[in-house]
Amino acid sequence: MEIMKKQISRTSVITGAFMVLWLGVCAFNTPSTPELPAYKLKTVVIDAGHGGHDIGCSGSANNEKTVALKLALKLGEMIEKNYPDVKVIYTRKTDVFVELYERAAIANRNNADLFICIHCNANPNSSPYGTETYVMGLHKTEANLNVAKRENDVILMEDNYNQHYDGFNPNDPASHIIFSLNQHAFMDQSILFASSVEKYLKSHAKRSSRGVKQAGFLVLWKTAMPSVLIETGFLTNSSEEKFLASESGQTTIAESIFYAFRDYKNDMENNSGKVSEATVQAIEANMDKEVETPKTEPVTTSTDNKGLTFSVQFYTAESEASATKFADLKPENVTYVKENGLYKYRLGPYKTLDEATKKQSFARNAGYKDAFVIAVKDGKRISIEEAKALAGS
Ligand SMILES: [Zn+2]
């Protein structure tokens with residue numbers, strides 16, 4: 001009897017526990033008390049890169065701070081008009097200087113759900129073009145690192161930058177690696193939005209997408225929400241500069257980012273702010289693809305001259321020159337090769353020694369007194385004597 005009583009009482013305790021649990025589940029299932037707070041994208045921060053005494057990169061007639069601001073204002077207006085319940089915050093609405101740490105702080109203070117940085121790209125070579133959207137992460141290619149370095153260099157224009165970036169030193173390559181390891185928890189959302197941005201830049205704005213990439217951008221470093229940095233095109237490429245500077249070009253770029261925002265907002269709100277593992281994997285499989293940037297003499301011009309080309313080497317340095325440094329040499333094609341840790345800047349290539357000699361005078365007149373002609377055969381440097389013999393044979 002004793003045992004039976006015990007069993008009964010135990011059974012009733014268990015049944016009672018189930019009842020409580022069942023009632024609890026019922027209570028949670030009633031529509032008035034949802035199980036989890038539904039995700040809602042309420043606040044977006046739009047960050048126009050650079051500003052004030054920091055003009056960013058420039059093309060022949062346009063600079064990054066101006067183009068970025070126009071794009072940011074257009075994008076913000078589209079969101080405000082179509083989503084009146086979304087709060088749009090700008091890190092700047094005018095031509096003023098805002099520190100990188102302050103841009104991130106604005107997003108954090110406002111509990112933003114998404115942080116969108118808008119920039120323009122640059123390259124010492126005028127050939128590269130296309131868009132890239134970055135998320136915070138460890139750079140996989142030197143090209144990605146170079147973009148981050150250029151954008152991070154801005155802090156040298158800030159007062160007391162040592163205090164605001166935990167001792168980050170933009171001149172030390174190791175700095176870029178150490179701080180990139182500090183990845184935030186919003187990687188999946190960030191890459192989902194980034195890939196949507198690239199998708200629409202390609203399909204709607206008809207840009208050449210260079211893809212979703214990652215690198216250590218100081219402006220994204222300490223943000224506590226999904227965040228991306230969009231390089232909307234190269235101001236150093238003349239046709240892309242024209243597009244970026246035009247009213248219609250700016251509108252289609254802003255529209256593309258807006259469509260990405262719309263899709264992202266819908267996606268997040270329908271999936272409780274979560275991104276499926278399959279989606280993440282599909283995006284990651286295509287991330288950080290190296291884009292061909294012509295740095296050495298293109299082989300196309302050499303085939304019709306026994307594989308022989310001539311260039312004018314006019315400048316050598318230990319670090320990469322800024323995109324605007326050789327603006328006075330336009331419209332000549334400036335390329336560089338990196339040899340033994342040195343960046344060697346050249347004009348050309350040209351098909352004949354004659355033409356190269358003329359360009360040597362041009363470079364010397366432009367102030368590069370030591371400019372000299374080099375000969376390249378099938379990608380290898382040879383002496384001018386050898387080249388002359390080859391050309392004559
Ligand atoms: Zn920039």
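1. Let's start with helix α7, residues 187–203: its 17 residues reach 24 Å from the first C-alpha to the last, close to the 24 Å expected at 1.5 Å a residue. Bear in mind throughout that this is a predicted model.

2. How much of α7 is covered? Mostly covered is the verdict, with 12 of its 17 residues buried. Among the buried ones are M187, I191, L192, F193, V197 and L201, but Q189, S190, S196, E198 and Y200 are on that list too. The cover over these buried residues includes the strands β3 (114–121), β4 (131–136), β5 (209–215) and β6 (227–234), along with helices α10 (247–270) and α11 (277–284).

3. On to the metal. Which protein atoms serve as donors to the zinc ion? They are H50 (NE2), E64 (OE), H119 (ND1) and E151, which is listed with OE twice, and they lie 2.0 to 2.4 Å from the ion. Along the chain, the donors follow the spacing H-x13-E-x54-H-x31-E. The two histidines link distant parts of the chain: H50 is in the loop between β1 (43–48) and α2 (64–82), while H119 is in strand β3, 69 residues apart. H50 is buried, with a relative accessible area of 4%, and H119 is buried as well, at 5%.

4. The salt-bridge count comes to 15. A pair worth a look is E132 with R210, whose closest N and O atoms are 2.8 Å apart. This one also ties together distant parts of the chain, E132 being in strand β4 and R210 in strand β5, 78 residues apart. Both E132 and R210 are buried.

5. E132 has another partner to check: K213 forms a salt bridge with E132, with the closest N and O atoms 3.7 Å apart. Here too the pair links distant parts of the chain, from K213 in strand β5 to E132 in strand β4, 81 residues apart. K213 is buried, and so is E132.

6. Next, a pair within α10. E269 and K265 meet through their side chains in a salt bridge, at 3.1 Å from N to O. Why are they about one helical turn apart? Because they sit four residues apart in helix α10. In general, an α-helix has 3.6 residues a turn, so residues three or four places apart point the same way.

7. Is K265 buried or exposed? K265 counts as buried, at 4% relative accessibility, whereas E269 is partly exposed, with a relative accessible area of 23%. Salt bridges that share partners join K265 and E269 with K40 and D85 into one network.

Methods:
Residues are numbered from 1 along each chain as its sequence is written. This is a predicted model: local features need pLDDT of at least 70, side-chain atom pairs count only at pLDDT 80 or more; totals for chains, interfaces and linings use all residues. Side-chain values use heavy atoms; hydrogens and water are left out. The expected span of a helix is 1.5 Å times one less than its number of residues. Buried means under 20% relative accessible area, exposed over 50%, partly exposed in between (1.4 Å probe, protein chains only). Contact means heavy atoms within 4.5 Å. Donors are N, O and S atoms within 2.8 Å of the metal (3.2 Å for Na, K and Ca); water is not among the atoms, so sites may look incomplete. A salt bridge is a side-chain nitrogen of Lys or Arg within 4 Å of a carboxyl oxygen of Asp or Glu.
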